[in-house]
Amino acid sequence: MTSLAERLRTAHDRVHSAAVAADRDPHEIRLLLAVKTQPAERILQALRAHADQGSPGGVALLGHNKIQEMDATGPALSEAGEHPGLAHEMHVIGHLQSNKINAALRWASCIQTLDTTRLAGKLDAAVARQAERGDREVRDDEPIPVEVMVQVNTSGEESKAGVAPESARDLALAVAALPHLRLTGFMTIGANTDDSGAVRASFDALTQIRDDIAGSGELGTEAARELSMGMSGDLETAVAAGATMVRLGTAVFGAREPAA
Ligand SMILES: *Cc1c(COP(=O)(O)O)cnc(C)c1O
């Protein structure tokens, strides 16, 4: 049986090979562990493996889909994170309901799934309130902003969340202008099809949106360089299209139990 540590190493090798094949610097691409359904102990195992392997890409990145799971694993993970070797960043990679914003802000430093101006406004206000309560660090009289990415539905699949590509620019500029949000980039889920051209197109679309917005010169857009795209099944295509962060679940943790 393959161990989690071996699978993590293999995943890094895949990202590395994909970067080389695409004539890119492998250091431009970080690996985020999509930890949905994994118990805290298993996530800790992955953090230890990351540290044992020399922390490739720097601090470990974890992503939760469900705030409920983030809450459940939060205490154990933040305690572990006090150890320098097990430090990590937590990202929200699933749909964020507005009634879960406060819980998300407790654990996550980045929300990758911002897809409406309404949610952005609520998140911005929640960061300010968190600082007023003394639950968020303040610097120069301003709360430290929460990092966000705009999720774009580049495949057009109805089942997928995300803003429509034609509306991504307006949303991104609105987000970038909010004082307590820091737009770091864009996120998408690749087209769910065997048609490799369609998968590639769904990633290329995000790269184009990023190039357009990060190069716009508009307030708060210059740091919006991140392209979070590519999962266990399509990371090579995503890296070829410019991904800077791939989100891997099954490639590292093995097949998930089917939902009960
Ligand atoms: C589950 C999930 C992943 C990882 O998917 P795998 O196919 O298991 O690698 C990546 N991104 C999101 C948003 C997910 O929900």
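Modeller: Before we start, a polar contact here is a pair of N or O atoms within 3.5 Å. Keep in mind that this is a predicted model.

Colleague: Fine. How far is an oxygen atom of the ligand from a polar backbone atom of Thr 250?
Modeller: The cut-off for a polar contact is 3.5 Å. Thr 250 also belongs to the residues around the ligand. For its polar backbone atom, the distance to a ligand oxygen atom is 2.8 Å.

Colleague: Which residue puts a polar side-chain atom 2.6 Å from an oxygen atom of the ligand?
Modeller: Gly 249 isn't your answer, as there a polar backbone atom sits 2.8 Å from a ligand oxygen. You want a side-chain atom, at 2.6 Å from an oxygen of the ligand, and that belongs to Lys 36.

Colleague: What percentage of the ligand's area does the protein bury?
Modeller: Take the ligand alone and it exposes 380 Å². Put the protein back, and the buried part of that is 89%.

Colleague: Where does the ligand sit?
Modeller: The shell around the ligand includes Lys 36, Asn 65, Met 231 and Arg 247. Those names come up again among the residues nearest the centre of the largest pocket, along with Ile 189. A molecule sits in a pocket if more than half of its atoms lie within 2 Å of the pocket's grid points, and the ligand does sit in the largest pocket.

Colleague: Which class has 11 residues in the lining of the largest pocket?
Modeller: That pocket has a volume of about 440 Å³ and 23 lining residues. Seven of the lining residues are nonpolar and five are charged. The class with 11 is polar.

Colleague: Which class has five residues in the shell around the ligand?
Modeller: Charged residues number three in that shell, and polar ones four. The class with five is nonpolar.

Colleague: On to the second largest pocket. Which element gives the largest share of its lining?
Modeller: The volume there is about 270 Å³. Among the lining residues are Arg 9, His 12, Asp 13, Arg 30 and Leu 31. Two elements, S1 and H1, each supply at least two residues. The largest share, five residues, comes from H1.

Colleague: What about closed space: what volume does the largest cavity have?
Modeller: Rolling a probe the size of a water molecule over the atoms shows where empty space is left. The structure holds one cavity of 30 Å³ or more. The volume of the largest cavity is about 80 Å³.

Colleague: And which element gives the largest share of that cavity's lining?
Modeller: The lining of the largest cavity includes Leu 8, His 12, Arg 30, Leu 31, Leu 33 and Leu 61. Helix H1 (4-21), strand S1 (30-34) and strand S2 (60-64) each give two or more residues. By class, the lining has seven nonpolar, three polar and one charged residue. The largest share, three residues, comes from S1.

Conventions
Residues are numbered from 1 along each chain as its sequence is written. This is a predicted model: local features need pLDDT of at least 70, side-chain atom pairs count only at pLDDT 80 or more; totals for chains, interfaces and linings use all residues. Side-chain values use heavy atoms; hydrogens and water are left out. On a 1 Å grid over the protein atoms alone, a cavity is a set of points where a 1.4 Å probe fits but cannot get out, and a pocket is an open set with protein on both sides within 12 Å along at least five of seven lines; lining residues have an atom within 4 Å of a point. Grid points are joined across faces, edges and corners, and a volume is the space filled by probe spheres set on the points. Helices (H or I, at least four residues) and strands (E, at least two) are DSSP runs, numbered from the N terminus. Ala, Val, Leu, Ile, Met, Phe, Trp, Tyr, Cys and Pro count as nonpolar, Asp, Glu, Lys and Arg as charged, and the others, Gly among them, as polar. A residue is near a molecule or strand if one of its heavy atoms lies within 4 Å of it. A polar contact is a pair of N or O atoms within 3.5 Å; within protein, one must be able to donate a hydrogen and the other to accept it, and residues adjacent in sequence count only if both atoms are side-chain atoms. Accessible areas come from the Shrake-Rupley method with a 1.4 Å probe; for residues, only the protein chains shown count as cover.
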